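Let's take a walk through this fold together, starting with the whole chain and then stopping at a few residues along the way. Keep the viewer open as you read.

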Amino acid sequence: MLELSFDDPDKLVTVTHALSTRSRVDILRLLISKNLNIVEIAEALQLPVSTVANNIKVLEAARLINTELLPASRGAMKVCSRNYDDIHITLNLEKAIPKGDVQVYEVDMPIGHYSDCEVSPTCGMANADGMIIREDEPASFFHPKHIGAQIIWFRKGYVEYLMPLEIPAGARIESLELSMEMCSEAPNYDNNWPSDISLWINGVEIGMWTCPGDFGDRRGKLNPAWWYEWSTQYGLLKTWRVDNEKTALDMEEISSVTLDQLNLLNSPKLRLRIGIKPDAVHQGGLNLFGKQFGDYDQNIKMTVNYVLD
């Protein structure tokens, strides 16, 4: 669920603008049951492809949908999926949330603030000013400068984060969401370079996503001027969601792992691991993007929806 209020007026304006036309509402309605590419949406709504493409950009900017480039018979096609089932807008700042209503706890974790790692070349990290460590030296991942990283890449292994989990005693967690921009890791870049990227929470693997490539066909929207044109440029924004029934990736079920298996309320922190399993079919590595690289102005975002009984 997406929560909107006067506390974040820019986000409120962006989302409500995205919902202000019938065409964009119709697009979201089409994406309830399945993911569709732009041509399929245009055919279903009997609109020009160019009109649909412009509306998709507005919905993507508001983060109401995700788009993903997938191989097609001629080049690539942009496939769209919804991010949220519900949007809640609070316009009364003084109204207290009564018991039984869903409340939201969020953490914005910079990608450089990992607590543990195990990586293999190709590997490295950079920030808006330049390279932080020497490339392809795994031991350098433990240098204190790693906390400033805005892009991290490695071919094999993982990075692990300790996320604070300040949930009131007696709360009942309804869902956990983790959102981040990522892609595969190839030499320089290769849009056709699949990688099986897995997420673990408190030691439990919640699911695996096969990223189709390491994207470098255009410049990332947020990349600093010094970043090399021949390197990885951007990733895809992926949202993992665990509730009491399943785990979903971009609203599509990917595993049967539920909240009960994660033991979230037994500790004031959550252990998140992102990486490539040693026995993965596609050992294509990982690029992880922070706020100053790629296409999306965000770090690793954790959202916990909970209820006070």
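One term first: a residue counts as buried when its relative accessible area is under 20%, as exposed when that area is over 50%, and as partly exposed in between. With that cut-off, buried residues make up 49% of the 309 residues in the chain. Bear in mind that you're looking at a predicted model.

Now for the overall build. The chain holds four helices and 18 strands. Its radius of gyration is 20 Å, close to the 19 Å that the globule rule gives for 309 residues, so the chain is as compact as a globular protein of that length. If you lay a box along the principal axes, the C-alpha trace spans about 55 × 50 × 35 Å. Look at the contacts with a separation of 6 or more, and 71% of them turn out to be between residues 24 or more positions apart.

What about the outside? The accessible surface of the chain is about 14800 Å², and carbon and sulfur atoms account for 50% of that. As for charge, there are 43 negative side chains and 29 positive ones, with the centres of the two sets 3 Å apart.

If you're wondering about cysteines, a search of the whole structure turns up zero disulfides. For Cys 80, the nearest cysteine sulfur belongs to Cys 211 and sits 17 Å away. A disulfide here would need the two sulfur atoms within 2.5 Å. Cys 211 has a cysteine sulfur at 5.6 Å, that of Cys 183, but Cys 211 is in no disulfide either. Both Cys 80 and Cys 211 are buried, each at 0% relative accessibility.

Let's move to the N-terminal part of the chain. Ser 5 belongs to strand S1, which covers residues 2-5. Is Ser 5 buried or exposed? At a relative accessible area of 17%, Ser 5 is buried, because the cut-off is under 20%. Setting aside neighbours within four places in sequence, Ser 5 is in contact with Leu 12 and Thr 90.

A little further on comes helix H2, residues 22-30, where Arg 24, Asp 26, Ile 27, Leu 28 and Leu 30 are buried. So a positive and a negative residue are on that list, since Arg counts as positive and Asp as negative. What do the buried residues of H2 pack against? Their partners include three helices by name, H1 (9-18), H3 (38-45) and H4 (49-61). Strands S2 (36-37), S3 (65-71) and S4 (76-82) are on the list too.

Next, some backbone geometry worth zooming in on. Pro 121 and Thr 122 are joined by a cis peptide bond, with omega at about 5 degrees. Thr 122 is part of strand S7, residues 116-127.

Two aspartates have a positive phi, in each case in a residue other than glycine. For Asp 136, phi is near 65 degrees, and the residue is in the loop between strand S8 (130-131) and strand S9 (151-164). Asp 136 is partly exposed, at 37% relative accessibility. For Asp 250, phi is near 50 degrees. Asp 250 is found in the loop between strand S14 (247-249) and S15, and with a relative accessible area of 6% this residue is buried.

The loop between S8 and S9 also holds Ser 140, a buried residue with a relative accessible area of 17%. Its C-alpha is 9.6 Å from that of Met 125, and the two residues are 15 apart along the chain.

Our last stop is Leu 262, in the loop between strand S15 (252-255) and strand S16 (269-276). How is a loop residue like Leu 262 placed, buried or exposed? Leu 262 is buried, with a relative accessible area of 1%. Leaving out neighbours within four places in sequence, Leu 262 is in contact with Leu 176, Ile 201, Asn 202, Val 204, Ile 206, Val 242 and Val 257. Measure by eye to Glu 205 as well: it is 57 residues away from Leu 262 in sequence, yet their C-alpha atoms are 9.6 Å apart in space.

Methods. Residues are numbered from 1 along each chain as its sequence is written. This is a predicted model: local features need pLDDT of at least 70, side-chain atom pairs count only at pLDDT 80 or more; totals for chains, interfaces and linings use all residues. Side-chain values use heavy atoms; hydrogens and water are left out. Helices (H or I, at least four residues) and strands (E, at least two) are DSSP runs, numbered from the N terminus. The radius of gyration is taken over C-alpha atoms; the globule rule is 2.2 Å times the number of residues to the power 0.38. Buried means under 20% relative accessible area, exposed over 50%, partly exposed in between (1.4 Å probe, protein chains only). Contact means heavy atoms within 4.5 Å. Accessible areas come from the Shrake-Rupley method with a 1.4 Å probe; for residues, only the protein chains shown count as cover. The place of a charge is taken as NZ of Lys, CZ of Arg, CG of Asp or CD of Glu.
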